[in-house]
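Me: Hi! Could you walk me through a protein model I have here?

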Amino acid sequence: YNERSILENHHLTQVFELFKNPKYNIFATLTFEQYKDVRDTMLEIVLNTDMGLHWRVYQAFRRRVGTDAPWTSKEDQRMAMSVALKMADINNSCRSAPIYAEWSRNVAAEFYNQGDLEARLGLVVSPFMDRHKDATDFPKGQLYFINNIVVPLFEAASTLLPRMQFALDEAKRNKTDLELAVGPSTAASDDSASLVSKPAAKVLSDCLVETVTTV
């Protein structure tokens, strides 16, 4: 894929290979033009989940929600679907603390397995994938992701869809609980102390300890 959106291109290639089998071809009844429109839409919204394209997609979406024009054009509709899929892709920190903690631990395990393989091959271990730096890198990575990726996107989405505010609130609670769990030396300070939940902080703290000792 010429080093561009490798995983996303691979996933799309595989699913369209499946559609070649009549047993799985859910588009069999579409006209050629309908199929082309669906395929182009799928390509655009899946490729936009590539985190390398995040800032471009986010900035375009933020500019668009700042206008009063109706979301009726095909371009707007695909942008809305792209953002919806991105939100589904990165929403782990918008879940309740126990679920967020468990899946964060699973992500860390996957990262550290890759880091172990890179080390065995004599390669430079990728950022946040060195299990020996877990105590500092894991919370820093989580806080960076929430502060710079999740919260801004969900804030913009909540402007368009106010009922999504609950997800934004959950992300902010998890961020504050994580800061409480790791202490001021690791977490950046902010003014959201009113969101602190001690039971949730205990879950996240346990998650951090378990990640260090068992992953």
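Below are a few questions and replies on confidence, backbone angles and the surface.

This is a predicted model, in which local features need pLDDT of at least 70 and side-chain atom pairs count only at pLDDT 80 or more, while totals for chains, interfaces and linings use all residues. Residues are numbered from 1 along each chain as its sequence is written, and side-chain values use heavy atoms, with hydrogens and water left out.

Me: Which helix has the lowest mean pLDDT among the elements of the protein chain?

Reply: Happy to help! pLDDT is the predictor's confidence in each residue, from 0 to 100, and its mean over the protein chain is 87. Helices are DSSP runs (H or I, at least four residues; strands are E, at least two), numbered from the N terminus. Helix H2 (residues 32-47) has the highest mean, 97, and the lowest, 44, belongs to helix H8.

Me: Is glutamate 3 buried or exposed?

Reply: Glutamate 3 sits in the segment before helix H1 (6-19) and has a positive phi of about 60° although it is not a glycine. Buried means under 20% relative accessible area, exposed over 50%, partly exposed in between (1.4 Å probe, protein chains only). With a relative accessible area of 70%, glutamate 3 is exposed.

Me: Where is phenylalanine 128, which has a positive phi of about 70°?

Reply: Most residues other than glycine have a negative phi. Phenylalanine 128 is partly exposed because its relative accessibility is 39%. Its place is the loop between helix H5 (97-120) and helix H6 (134-160).
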